[in-house]
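This report goes through a protein model from its overall contacts to single residues. The sequence and structure come first.

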Amino acid sequence: MAIRTPEKLITKSHGKSNRISCPECSKEVCFSLFENIDLSPVAALLKKNGGSCFAVCPECAKVFSVNENYIREKESGTVCAMTPSDLRVWVNKK
């Protein structure tokens, strides 16, 4: 399922990860995986990559950025397992 917004941003679900320990709450969980895709003309003009991958812990609701290689391998059908090193805490910059 994809969600469209007025800013031409699409959020696409990539299912669930394998069970790993959450770096924040230390519980064994399957993360929900998502990708934001920016289709705006500004992103095209600036030649921005237009996409970012993130994971959400179902227990503590912490959001992590995901190594993009993991998502590419998962989409291509390669058998791969997510590890805590594939995750980085997503910090809201103000």
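## Overall layout

In the protein, 45% of the contacts (heavy atoms within 4.5 Å) between residues at least 6 apart in sequence join residues at least 24 apart. The model is predicted: local features need pLDDT of at least 70, side-chain atom pairs count only at pLDDT 80 or more, and totals for chains, interfaces and linings use all residues. Residues are numbered from 1 along each chain as its sequence is written, and side-chain values use heavy atoms, with hydrogens and water left out.

The protein has 2 helices and 6 strands, in the order β-β-β-α-β-β-α-β along the sequence. These elements are DSSP runs numbered from the N terminus: helices are H or I with at least four residues, strands are E with at least two. Of the 94 residues, 28% count as buried. Buried means under 20% relative accessible area, exposed over 50%, and partly exposed in between, with a 1.4 Å probe and protein chains only.

Mean pLDDT, the predictor's confidence in each residue from 0 to 100, is 80 for the protein, and 77% of the residues reach 70 or more. Confidence is lowest in strand β1 (residues 2-4), with a mean of 55, and highest in β5, at 91. Where pLDDT is low, the predicted coordinates should not be read in detail.

## Core and strand β3

A nonpolar core is a set of buried Ala, Val, Leu, Ile, Met, Phe, Trp, Tyr and Cys residues joined through side-chain atoms within 4.5 Å. The largest one holds 14 residues, of which F31, L33, V66, M82 and L87 touch the most other members. Two or more residues each come from β3 (28-38), β4 (51-56), β5 (63-66) and α2 (68-75), and β3 gives the largest share, 3 residues.

Beyond four places in sequence, F31 has contacts that include I20, A55, V56, F64 and L87. V29 also lies in β3. With the same neighbours left aside, V29 is in contact with N18, R19, I20, C22, C57, P58 and E59. The C-alpha atoms of V29 and P58 are 7.2 Å apart, although 29 residues separate the two along the chain.

H14 is in strand β2 (residues 9-21). Leaving out residues up to four places away, H14 touches L33, F34, E35, I71, K74 and E75.

## Accessibility of selected residues

| Residue | Relative accessible area | Class |
|---|---|---|
| V29 | 4% | buried |
| H14 | 12% | buried |
| C30 | 25% | partly exposed |
| C60 | 32% | partly exposed |
| K27 | 44% | partly exposed |

## Salt bridge, cysteines and helix α2

The structure holds 1 salt bridge, defined as a side-chain nitrogen of Lys or Arg within 4 Å of a carboxyl oxygen of Asp or Glu. K27 pairs with E59, and their closest N and O atoms are 3.6 Å apart. K27 sits in the loop between β2 and β3 and E59 in the loop between β4 and β5, so the bridge ties together parts 32 residues apart in sequence.

A disulfide is a pair of cysteine sulfur atoms within 2.5 Å, and the count by this rule is 0. For C60, the closest cysteine sulfur is in C57, at 3.6 Å, too far for a bond.

At the start of α2, a side-chain oxygen of N67 comes to within 3.1 Å of the backbone nitrogen of N69. After α2 comes G77, with a positive phi near 95°.

Notes:
Polar contact = N/O pair within 3.5 Å; in protein donor to acceptor, adjacent residues only side chain to side chain.
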